[in-house]
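Student: Could you walk me through this protein, one question at a time?
Tutor: Gladly, let's look at it together.

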Amino acid sequence: METLTATLTILGTAQDGGIPQAGCGCPNCSAAFEDPEKSRFPVSLGVRDNSGGMHLIEVSRALPEQLKIWANACGLDKPVRPDSVLLTHAHLGHIEGIGQFGKEAMGCTDVTLVSSDSVASILTTRNLMQPFSKVQTDSLKPPIFEKDGVRFEFIPVPHRDDVSDTHAILISGEKSRVLFLPDHDDWDETLGSVGYSNPRDWFGSMNLTHVLLDATFWNGEELPGRDMTKVPHPTVEDTLSRLKEFENEGPEIILIHLNHTNPLNNSNSAQSQAIEAAGLTVGKRAWSIEM
Ligand SMILES: [Zn+2]
Ligand SMILES: [Zn+2]
Ligand SMILES: [Zn+2]
C-alpha cells in the first residue's frame, strides 16, 4: 500500500455563525457577500492519517463544501467521506452539519465518533447518533484516539459549558504537534486548569509546532447592544499582550474562529497589521500542515 504523509487541512476559520452571517449587513458580511473569497466557513479541520484514513474535526453546516475542499487539498477526485468524526463540544456551529451523515443525505452507518460522553449524550438526545459508533473511552478521562501515525488527545478547557463540556485537541504526528483550541472562555481559567501562568509555557510544555487559536473577538466593544459576558472568549488583544513578551519563541500561531465583527476579517485593517507585526497569522481555508 502507498504510504502517505499525514496532513492536517484547515476547512473553516469562522466562529459558529460563519461569515457572512444570516441577517447581517455589517461591512465584513457585506464584503463577504460581494466576494466569496472573503467568506469564512465555521471552524473545522480535516486530518488524513498515514494510510489514508480521514478524520474530521467539527461538523459545520458547510460540510458539503468542506469535504470537497479537503479532497482537493489531498489530491482526491471525489469529496471525502470521513472515517471518523471528532467533536470538541456541542455548540451549534460545531455540530450543525451532523445530520448530513444520516439517511436523508450521506446514509452513513459506521462512522467512528470520538467525543466526550457529554457531547455524545447531546447527539443521542437530538436523535443524531444513528450514523455513528462512539469510541469507547474511559469515562473518567478525556478521550485519546490514535490512527496510523496521528494521535488525538482531548484536553478539557473551561467554556460556558451550558450544553456539553468542552475540549481542545492536541493533534500529533511524526513531524508536527498542533493544538486546536477554537473555544475557551478566559486565559486565566484555561491556564489555571492546566497549571501554567502564561500561554507560551503551556504551549512549550506540549512541544507544539502550531496552535490553531480562538480569535473570536478582537476586543470587548464588538457586540454593541449584546452582553459580551454571555459569549465569553479571550479577546485577541488579551491574547496578544500575553504572547508579546515571548515574541519569536515557540510555535506558529494561527488565529481561527473569527466572529463576523472581528476587524481581522479585513486584511487591510490596522488590527491585521498589528497581528502580522507580532508574528501571528489569520488562518485561511485549505491551508495544510504536514503532520
Ligand atoms: Zn464555537
Ligand atoms: Zn456581519
Ligand atoms: Zn462554543
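Student: Is Asn 127 buried or exposed?
Tutor: First, a word on the source: this is a predicted model, where local features need pLDDT of at least 70, side-chain atom pairs count only at pLDDT 80 or more, and totals for chains, interfaces and linings use all residues. Residues are numbered from 1 along each chain as its sequence is written, while chains are lettered from A and ligands numbered from 1 in the order in which they are written. A residue is buried if 20 or more other C-beta atoms, placed from the backbone, lie within 10 Å of its own, exposed if 12 or fewer, and partly exposed in between. Asn 127 has 9 other C-beta atoms within 10 Å, so this residue is exposed.

Student: What is the phi of Asn 127, and where does the residue sit?
Tutor: Helices (H or I, at least four residues) and strands (E, at least two) are DSSP runs, numbered from the N terminus. Asn 127 is in the loop between α4 (117-125) and β6 (132-134). Most residues other than glycine have a negative phi. Asn 127 has a positive value, with phi near 60°.

Student: Is Glu 58 buried or exposed?
Tutor: Glu 58 lies in the loop between β3 (54-57) and α2, and has a positive phi of about 75° although it is not a glycine. There are 29 C-beta neighbours inside 10 Å, so Glu 58 counts as buried.

Student: Which peptide bond is cis?
Tutor: Most peptide bonds are trans. Look at the loop between β1 (7-12) and α1 (27-34), which holds Pro 20. With omega near 5°, the cis bond is the one from Ile 19 to Pro 20.

Student: What is the strand order in the open sheet of seven strands?
Tutor: Two strands pair if DSSP finds at least two bridges between them. Strand β8 (residues 150-156) pairs with β9 in the antiparallel sense over six bridges, whereas β11 (residues 210-214) and β12 (residues 252-256) are parallel, over five bridges. The pairing in the sheet is thus mixed, and the order is β7-β8-β9-β10-β11-β12-β13.

Student: Which strands stand at the edges?
Tutor: An edge strand here has a single partner strand, so one side is left without a neighbour in the sheet. The two at the edges are β7 (144-147) and β13 (281-282).

Student: Which residue in β10 stands opposite Leu 170?
Tutor: β9 (residues 167-172) has five of its six residues buried. Four bridges join β9 to β10 (residues 177-181), and the two run antiparallel, forming a hairpin with four residues between them. Opposite Leu 170 in β10 stands Leu 179.

Student: Which helix gives the largest share of the largest nonpolar core?
Tutor: A nonpolar core is a set of buried Ala, Val, Leu, Ile, Met, Phe, Trp, Tyr and Cys residues joined through C-beta atoms within 7 Å. The largest has 66 residues, and Leu 179 is among those with the most contacts inside it. The largest share of this core, five residues, comes from helix α2 (residues 63-73).

Student: What is the radius of gyration of the protein?
Tutor: This radius is taken over C-alpha atoms, and the globule rule is 2.2 Å times the number of residues to the power 0.38. With 291 residues, a compact globule would have a value near 19 Å, which agrees with the protein's 18 Å.
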